[in-house]
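Open the model in your viewer and keep the selection tool at hand. This tour goes from one stop to the next and says what to select at each.

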Amino acid sequence: MTTTDTRTAAPEPVLADRAERPSLGRLWDTWGITAILLLLLALTPLVAPGFLQLENLQSVLRESAYLGIVAAGMTFAIAAGAFDLSVGGQLALVSVVTLLAYGAGGTPAAVGAAIATGLACGLVNAGLITRLRVPPFVATLGTLFVFRGVAYILTQDGPQTLPYDQIGSPFVKIGGLNVAGVPLPFVIMLVVYAAAWVLLRRTATGRRVLAYGSSPAAARFCGISAGRIQLFVFALVGLSVGIAALTYITRVWTADGSAQDGFELKVIAAVVLGGTSLKGGKATLIGTFSAVLLVSVLNDVLVGQGVPSAYQRIVLGCVLIVALTVDGLRTRFAVPGSLRRAVAGLAGRSPDPDSA
């Protein structure tokens, strides 16, 4: 009997070790988009000679910040097997509320309003999904229109704008200040990604998110609370929108219900293109970061070459289709075992559904 137990137990460490070995697929998931980004950066000056000018590079980095910050939060949601279609509406509403708060109480009120409103939007989505059992797709599609509608109501007298005489205020400097030549919004984005990477890869919560995304049924069997995972990821997306709004509104100086129409598609395209699987259970923040820069560089080249906005939308749609196609092929030919790798991080720990 002992011999039989030993034989049946022995292969598992071998499989686990094999799953952790580097493979071409895993290297592509993590670094593939980064390699394409570097290739694009090398070829872009041939098409747009002024691309490498310092002012233009700073503009690209500043433009990428709000998209990248929201994409970091969306990476957690997609890793958990869901996504948030309402981030465009959230960004519009948070931007309007932030400018209203700035007019009433200055910089501290604006920063507090942005974070609180973004988090509140995320909690509304989480409540619909966890309490009322509305599917994430339906819930966030509905709140996309609700958030934009509220933003329109708040701006019935016209778009909210920052007065030109506020150009030197600390609030406006969030979007315009450079730190050692690097735009402050991009620095904020780097800090967000560093914190997100630690949260995803070095904490029990991050491992639970990946385990739940791999197989919700198996994760619940291990003691992982589905409701708490969904509450966490959607609240995190809302928080990321609140932070992103501070870098966005201090760059454009105006906000209304139509702000960033289609923004949610850009965010999802960047996350999926970066290597995070729409089926959940696998995420790479390095890939998301590189994909955000890739989308930003591509957008800068299209604008610089005078490509009409209609064709820019076509390019974005093609990028999204490519991202979804790559994700489908990657899932189709993936080697089974993603759940074992995700849950492996929980080995030796007592499942605690209340801490996720």
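Start at the second largest pocket, which 33 residues line; Lys266, Val295, Asn299, Gln312 and Leu316 lie nearest its centre. Select those five, then add the elements that give two or more residues to the lining: helix H3 (24–47), helix H4 (54–79), helix H12 (263–273), helix H13 (285–304) and helix H14 (309–332). H14 gives the largest share, 11 residues. Colour the lining by type and you get 18 nonpolar, nine polar and six charged residues. Here Ala, Val, Leu, Ile, Met, Phe, Trp, Tyr, Cys and Pro count as nonpolar, Asp, Glu, Lys and Arg as charged, and the others, Gly among them, as polar. The volume of this pocket is about 750 Å³.

Some ground rules for the tour. The model is predicted: local features need pLDDT of at least 70, side-chain atom pairs count only at pLDDT 80 or more, and totals for chains, interfaces and linings use all residues. Residues are numbered from 1 along each chain as its sequence is written, and side-chain values use heavy atoms, with hydrogens and water left out. A pocket is an open set of points on a 1 Å grid over the protein atoms alone, where a 1.4 Å probe fits, with protein on both sides within 12 Å along at least five of seven lines; lining residues have an atom within 4 Å of a point. Points are joined across faces, edges and corners, and the volume is the space filled by probe spheres set on them.

Now zoom out to the whole fold. The protein has 15 helices and four strands (DSSP runs numbered from the N terminus: H or I, at least four residues, for helices; E, at least two, for strands). Of its 356 residues, 46% count as buried (under 20% relative accessible area; exposed is over 50%, partly exposed in between; 1.4 Å probe, protein chains only). Take contacts (heavy atoms within 4.5 Å) between residues at least 6 apart in sequence: 81% join residues at least 24 apart.

Next, select valine 87, in helix H5 (residues 87–130). Is valine 87 buried or exposed? Valine 87 counts as buried because its relative accessibility is 0%. Beyond residues up to four places away in sequence, valine 87 touches Val70, Met74, Val237, Val241, Phe263, Glu264 and Val267. Measure to alanine 71, 16 residues apart along the chain: the C-alpha atoms are separated by 9.9 Å.

Valine 87 also leads to the largest nonpolar core, a set of 85 residues. Such a core is made of buried Ala, Val, Leu, Ile, Met, Phe, Trp, Tyr and Cys residues joined through side-chain atoms within 4.5 Å. Select Met74, Val87, Phe171, Met189, Tyr193, Phe263 and Val267, which have the most contacts inside this core.

Move to phenylalanine 234, in helix H11 (residues 226–252). Phenylalanine 234 is buried, at 0% relative accessible area. Among the residues it touches, beyond four places in sequence, are Phe83, Asn125, Ile129 and Thr140. Threonine 140 is 94 residues apart from phenylalanine 234 along the chain, with 9.9 Å between their C-alpha atoms.

Glutamine 58 is the next pick, in helix H4. Glutamine 58 is buried, with a relative accessible area of 13%. Its contacts outside four places in sequence are Asn178, Gly181 and Pro183.

Last, the cysteines. How many disulfides does a search of the whole structure find? Zero, taking a disulfide as a pair of cysteine sulfur atoms within 2.5 Å. Select cysteine 222, partly exposed at 26%, and then cysteine 318, partly exposed at 44%.
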